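Grab a pencil and open the structure viewer. Below are a few short exercises, each with a solution you can follow step by step.

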Amino acid sequence: MRREVITIRILLVEDDPELARRLSDGLRGEGFVVEHAANGQTGFDLGRTENYDAAILDLGLPDMKGVDVLQQWRKAAREMPVLVLTARGSWTEKVEGLNAGADDYITKPSHVQEIVARLRALIRRSAGQGSPVLVHNDIEVSPASGTVVVAGKPVDLTAQEFRVLNYFMHRRGRVISQSELIEHLYPLQEERDPNTIEVYIGRLRRKLGRDVIKTLRGLGYRLG
């Protein structure tokens, strides 16, 4: 069974190098695209200017309070779900974070798998999806198990093909530009080749059906 390979772009704002490394490695191992900010100012700037599907924000940052970062994001109309990290037993931090606009919290130390589960739930809710299985026409996608079923039959996809399809399934009915797909498939530090998107779209059409993804000239793509 394939591990989840969901194409989700996460901003991690954490000043502890070891914790940041552990969380980043664990999240990337689950297929997330992770970008790390080591301080509050960098985290605020990235969260304000880049598009993320969710953010993990440590409230105990040295240069800028995590609550202040969160409040500034919300004032700038940045609506991505935010999971805040709080010190164990610090109920005041939890209250402050939730009042500032956080969507959920988790205490440190915490297990990566719990953070992954909470992120999945937050992202599903923000996309209007209550069920862990995504359905569009005769296509069923399970992000947690990494499986795809079309008309009752399992279909084998590569990890990157699954990432592309999963991104579309989370945004059914929306037009998705090529630049948006690239942004969510590759971290900022990696080389980005627009031609690879056409390759993955072509493979998905061959495996799932020619009309499963529509091309809208000058705009992008949409599930058919």
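**Exercise 1.** In this predicted model, find the bridge partner of V13 in β3, then work out how β1 and β3 pair.

*Solution.* Step 1: go to V13 and look across to β3, where its bridge partner is L57. Step 2: check the strands themselves. β1 and β3 pair in the parallel sense, and four bridges link them. Step 3: recall the general idea that strands of a sheet pair through backbone hydrogen bonds, either parallel or antiparallel.

**Exercise 2.** Now turn to β2: which of its residues is the bridge partner of L12?

*Solution.* Step 1: the partner of L12 in β2 is H36. Step 2: zoom out to β1, which covers residues 9-13 and is joined to β2 by five bridges. These two strands run parallel as well.

**Exercise 3.** Work out the order of the strands in the sheet, and pick out its edges.

*Solution.* Step 1: you already have β1 paired with β2 and with β3. Step 2: add β4, which pairs with β3 in the parallel sense over four bridges; for instance, I56 has L83 as its bridge partner in β4. Step 3: put it together, and the five strands of this open sheet come in the order β2-β1-β3-β4-β5, with parallel pairing. Step 4: the edges are β2 (33-37) and β5 (104-108), since each of them pairs on one side only. From one strand to the next, the twist averages 20°.

**Exercise 4.** Why is β3 largely enclosed by the rest of the structure?

*Solution.* Step 1: count a residue as buried if its relative accessible area is under 20%. Step 2: sort the side chains by direction. A54, I56 and D58 point one way, A55 and L57 point the other way, and all are buried. Step 3: five of the five residues of β3 are buried, so the strand is largely enclosed by the rest of the structure. The up-and-down pattern fits a general rule: in a regular strand the side chains alternate between the two faces of the sheet.

**Exercise 5.** Which strands does helix α3 lie across?

*Solution.* Step 1: α3 is residues 66-75, and it lies across β1, β3 and β4. Step 2: compare directions; α3 runs at about 150° to β3. Step 3: follow the chain through β3, α3 and β4, and you've traced a right-handed β-α-β unit.

**Exercise 6.** Where is E93, and what does E93 touch?

*Solution.* Step 1: E93 sits in helix α4, residues 91-100. Step 2: leaving out residues up to four places away in sequence, E93 touches L59, T86 and A87.

How values were computed:
Residues numbered from 1 in each chain as written. Predicted model: local features only at pLDDT ≥ 70, side-chain atom pairs only at ≥ 80, totals over all residues. Heavy atoms only, no water. Pairing = 2+ DSSP bridges. Axes fitted to C-alpha atoms, helices over the stretch in contact; angles between N-to-C directions. Contact = heavy atoms within 4.5 Å. Buried < 20%, exposed > 50% of the residue type's maximum accessible area, 1.4 Å probe, protein only. Right-handed = clockwise from strand over helix to strand, strands pointing away.
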